[in-house]
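Colleague: I'm new to this one and would like a close look at a single part: the sheets, and whatever packs around them. Could you walk me through that slowly?

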Amino acid sequence: MAQIPFEKNLDSTLALISDPYRFISDRCRRHQSDLFETRLLLQRTICMTGPEAARLFYDPDLFARQGAMPKAIQKTLLGEGGVQGLDGGPHRQRKQMFMSLMSPDQIGGLTRLTAAEWQVRMRTWASTADVVLYTEFQRLLTRASCAWVGVPLTDSEVDARTRDIVALFDHAGSVGVRHLWSRWARKRADRWLANLVEKVRSGRLHPPEHTAIHTIAWHRSTDGELLTPHVAAVELLNVLRPIVAVSVYMVFVAHALHMHPDVRDKLLGNDGDYVHLFVQEVRRHYPFFPAVAARARQAFEWNGYNIPKGRRVMLDLFGTNHDRRTWERPEEFEPERFRRWDGGQFNFIPQGGGDHSAHHRCPGEWITIELMKQATVMLTRQLRYDVPEQDLRIEWSRMPALPRSHFVVSNVVIREEP
């Protein structure tokens, strides 16, 4: 039995925090292995990268999610009691609740709402000196996603609710005051949405049946009971938060357009297929979420290595999307590579791997793609703008990683309809 390579330092938590996206893949290359073991928060953890590791990781007979993610992430990003921490039958049953919201008609309804918000925000940008796209995209997506989910949101609430939703993903990987802010935001958001769930159940709020708030408020678990208001609120945030988090990818759309003017020229052509290739390459090339965690259900052997029962395992998402066994010149930005992609479920995993219905792959992936396509069209065909001098270097120690300036544009002009 081969011995898993082990990091010799006492604990690697600080190293992971300082470079969360490249931590696993860099050390795997150093050890010349697809896995190694270290201590994170003093807990022994096996870190893995690559498509074969992803295929292993998403085997539900071998790995469980419950209790795998650090408490700090559960109390901010994910919430407690939500679908990400379920396994087996309860996970499949809860996942179907989310899948029911992902029909083409439902997603089309969301993109129509976001299109309307784009029109409103663009008029504001045209009269503003400098526009920070990351902040603007957050507000745009908060308004559209709340309308789509069926959550009432007054104009006076927009800024506060946006800040709280954003804090769940923008501050969750931080330490100190920013992390505490994320925890406070989680408590406020949970109370807000739990109260709305109770209003739906009592008949004081009447959302349409197709909305997420109606679906989640009346969803019953495998025991036949309604979700508690708290868990229902967590699941509502598991719809709202990922949509607002697409603001990160939309900034990277703008970044890619600016850094690769040849790609912008191709997008201005009439090849609609190229928009899809471009969006997929943004999702592959840029950092979004670095890794996911699970625990081994049982002891087993993989590629000559022994994985002990109960051992925490982290799968490298970013590194797998840059694995040279799948991607030629992985550090280059080449949308055309997706004409050659085999469509594998485990070699392109920006939002998780496997099957959307059966595994822990984000059901909102289709929403992400459509919103990014929409942003691409808007930024190339509907707007003209300048990109003033700023620091556009990616801040790799940040989670989520972003250009340091959050991408500022100026002199925005709305193009006339052809």
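**The sheets and their surroundings**

Modeller: Let's start with one pair of residues: L383 has I414 in β10 as its bridge partner. Keep in mind that this is a predicted model. That pair belongs to the contact between strand β9, residues 383-386, and β10, where three bridges hold two antiparallel strands together.

Now go to the strand that pairs with β10 through another set of bridges. Strand β4, residues 130-132, also runs antiparallel to β10, which covers residues 408-414, and three bridges join the two. You can pick out V131, whose partner in β10 is V409. D130 is bridged to S410 in β10.

Put those pieces together and you get an open sheet of three strands, ordered β4-β10-β9, with antiparallel pairing. β4 and β9 are the edge strands, each pairing on one side only. From one strand to the next, the twist averages 55 degrees. Helix α15 packs on this sheet and touches β9 and β10, its direction making about 80 degrees with that of β9.

While you're there, follow the loop between β9 and β10, because P400 sits in it. The peptide bond leading from M399 into P400 is cis, with omega near 5 degrees.

What else does α15 pack with? One answer is helix α13, residues 272-285: the two pack at an angle of about 115 degrees, and their axes are 9 Å apart. Their crossing is right-handed. On the α13 side, the residues that meet α15 are V275, H276, F278, V279, Q280, V282 and R283, and they face E365, T368, I369, M372, K373 and T376 of α15. Sorted by class, that contact holds six nonpolar, four polar and three charged residues.

Now for the other sheet. This one is also open, but has five strands in the order β1-β2-β8-β5-β3, and its pairing is mixed. At the edges stand β1 (35-40) and β3 (63-64); each has a single partner strand, so one side of each is left without a neighbour in the sheet.

Let's walk across it from the β1 end. β1 and β2 run antiparallel and are joined by six bridges. L40 stands opposite Q43 in β2. The two strands make a hairpin with two residues between them, and L41 in that turn has a positive phi of about 50 degrees.

The next step, from β2 to β8, is parallel, with four bridges. C47 is one residue to look for here, since its bridge partner in β8 is M314. Then the direction switches again: β8 (residues 312-316) and β5 (residues 291-296) pair in the antiparallel sense over five bridges. In that pairing, R295 stands opposite R312 in β8.

This sheet has a helix on it as well. α2, residues 23-31, lies across β1, β2 (43-48), β5 and β8, and runs at about 125 degrees to β1. Between α2 and β1 there is a loop, and Q32 is found in it. Q32 has phi near 50 degrees, a positive value in a residue other than glycine.

One last stop takes us to some empty space, since two of the elements we've met turn up around it. The largest pocket contains about 1100 Å³ of space. Its lining consists of 50 residues, and the ones nearest its centre are L77, L78, Q84, R241 and C362. The elements that contribute two or more residues to that lining are α4 (71-78), α5 (88-99), α11 (229-259), β5 and α15 (365-382). So which element gives the most to the lining? That's α11, with eight residues. By class, the lining residues divide into 30 nonpolar, 15 polar and five charged.

If you want a path to retrace on screen, α15 is a handy thread. Start where α15 touches β9 and β10, move to its packing with α13, and then find α15 again among the elements lining the largest pocket. From that pocket, β5 is another of the lining elements, and β5 leads you back into the five-stranded sheet by way of β8.

How values were computed. Residues numbered from 1 in each chain as written. Predicted model: local features only at pLDDT ≥ 70, side-chain atom pairs only at ≥ 80, totals over all residues. Heavy atoms only, no water. Pairing = 2+ DSSP bridges. Contact = heavy atoms within 4.5 Å. Axes fitted to C-alpha atoms, helices over the stretch in contact; angles between N-to-C directions. 1 Å grid on protein atoms, 1.4 Å probe; cavity = no way out; pocket = protein on both sides within 12 Å on 5 of 7 lines; lining within 4 Å. Points joined across faces, edges and corners; volume = space filled by probe spheres on them. Nonpolar A, V, L, I, M, F, W, Y, C, P; charged D, E, K, R; others polar. Left-handed = near helix turned anticlockwise from the far one by under 90°.
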